[in-house]
Amino acid sequence: MRGSIVVDNPHVSNQPIALYRTSTGSVVAHSAVCTHQGCTVDPAPSSTLQCPCHGSAFRSPDGSVINGPNGSAASAITPLARVSVTVVNGSVYLS
Ligand code: FES
C-alpha cells in the first residue's frame with residue numbers, strides 16, 4: 001500500500017520515524033519530529049505529513065517543507081531529516 005505511517009524508533013525514545021512507500025514500492029524514511037518545536041508529525045492526505053501543533057506541513061517522499069508554522073513560508077523551518085532504512089523480505093530495518 002502506498003502512503004505514510006509514523007512508527008516509534010526502536011533504538012531511540014521520542015524520535016519517531018515516518019515511513020513512506022513510493023509508487024514503485026520502495027520505502028523512504030524521515031524523522032517524524034517536526035523541525036519547528038519537536039511535535040510528532042502525522043500522516044495526512046496527498047502524501048504529506050502534518051504537524052498538529054502549529055500546522056507545518058512536509059512532503060512525505062522527501063521530507064521537504066510545504067509550509068512552516070502557522071502558515072509561514074517553507075523557508076521558516078528546515079526539512080525533516082532523512083533516516084536510512086533497508087527492506088528485507090517485506091520488513092523495514094534501520095540501516
Ligand atoms: S512544532 Fe510543528 S509546527 Fe510547531
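Trainee: Which residues does serine 60 touch, leaving out those up to four places away in sequence?

Mentor: In this predicted model, serine 60 touches Ser4, Ala18, Tyr20, Ser47, Thr48 and Leu49. The residue itself lies in the loop between E6 and E7.

Trainee: Why does serine 60 count as buried or exposed?

Mentor: The cut-off for buried is 20 or more other C-beta atoms within 10 Å. Serine 60 has 24 C-beta neighbours inside 10 Å, so serine 60 counts as buried. Serine 60 and histidine 30 are 30 residues apart in sequence, and their C-alpha atoms are 8.0 Å apart in space.

Trainee: Serine 47 is on that contact list. What makes serine 47 buried, partly exposed or exposed?

Mentor: A residue is partly exposed when its count falls between the exposed limit of 12 or fewer and the buried limit of 20 or more. Serine 47 has 17 C-beta neighbours inside 10 Å, so serine 47 counts as partly exposed. Serine 47 sits in the loop between E4 and E5. Its phi is near 55°, a positive value in a residue other than glycine.

Trainee: Why is a positive phi worth a remark?

Mentor: Because most residues other than glycine have a negative phi. Asparagine 70 is another entry here, with phi near 55°. Asparagine 70 is found in the loop between E7 and E8.

Trainee: How do you know whether asparagine 70 is buried or exposed?

Mentor: Exposed requires 12 or fewer other C-beta atoms within 10 Å. Asparagine 70 has 11 C-beta neighbours inside 10 Å, so asparagine 70 counts as exposed.

Trainee: What are the secondary structure elements of the chain?

Mentor: The chain has 0 helices and 10 strands. From the N terminus on, the order is β-β-β-β-β-β-β-β-β-β.

Trainee: Why is the chain called as compact as a globular protein of its length?

Mentor: The radius of gyration is 13 Å, and the globule rule gives 12 Å for 95 residues; the two are close, so the chain is as compact as a globular protein of that length. Along its principal axes the C-alpha trace spans about 40 × 30 × 20 Å. Buried residues make up 25% of the 95 residues.

Trainee: What makes E1 and E8 edge strands?

Mentor: The open sheet of 4 strands has the order E1-E2-E3-E8, with antiparallel pairing. Strand E1 (3-7) and strand E8 (82-83) each pair on one side only, and that makes them the edges.

Trainee: How do you know that E3 and E8 pair?

Mentor: Pairing needs at least two bridges between the strands. E3 and E8 have 2 bridges, in the antiparallel sense, so they meet that limit. Alanine 29 stands opposite valine 83 in E8. E2 and strand E3 (residues 27-31) are joined by 5 bridges and run antiparallel. In E3, isoleucine 17 has serine 31 as its bridge partner, and tyrosine 20 has valine 28.

Trainee: What links E2 and E3 along the chain?

Mentor: They form a hairpin with 5 residues between them, and glycine 25 in the turn has a positive phi of about 95°.

Trainee: Which strands make up the sheet that contains E5 and E6?

Mentor: That open sheet of 4 strands has the order E4-E5-E6-E7, again with antiparallel pairing. Its edge strands are E4 (42-44) and E7 (65-67). Neighbouring strands of this sheet are turned by 35° against each other on average, direction ignored.

Trainee: What makes E5 and E6 a pair?

Mentor: The limit is at least two bridges, and 3 bridges join strand E5 (residues 48-50) to strand E6 (residues 57-59), which run antiparallel. In E6, arginine 59 is the bridge partner of threonine 48.

Trainee: Which residues have the most contacts inside the largest nonpolar core?

Mentor: This core has 15 residues, and those with the most contacts inside it are Ile17, Ala18, Leu19, Ala32, Val41 and Phe58. Strand E2 (residues 17-21) supplies its largest share, 4 residues.

Trainee: Why is valine 85 called partly exposed?

Mentor: Valine 85 has 15 other C-beta atoms within 10 Å. Partly exposed lies between 12 or fewer and 20 or more, so valine 85 is partly exposed. Valine 85 belongs to strand E9 (residues 85-88).

Terms used: Residues are numbered from 1 along each chain as its sequence is written. This is a predicted model: local features need pLDDT of at least 70, side-chain atom pairs count only at pLDDT 80 or more; totals for chains, interfaces and linings use all residues. The radius of gyration is taken over C-alpha atoms; the globule rule is 2.2 Å times the number of residues to the power 0.38. A nonpolar core is a set of buried Ala, Val, Leu, Ile, Met, Phe, Trp, Tyr and Cys residues joined through C-beta atoms within 7 Å. Axes are lines fitted to C-alpha atoms, for helices over the stretch in contact, and angles run from 0 to 180 degrees between N-to-C directions. Two residues are in contact if their C-beta atoms, placed from the backbone, lie within 7 Å.
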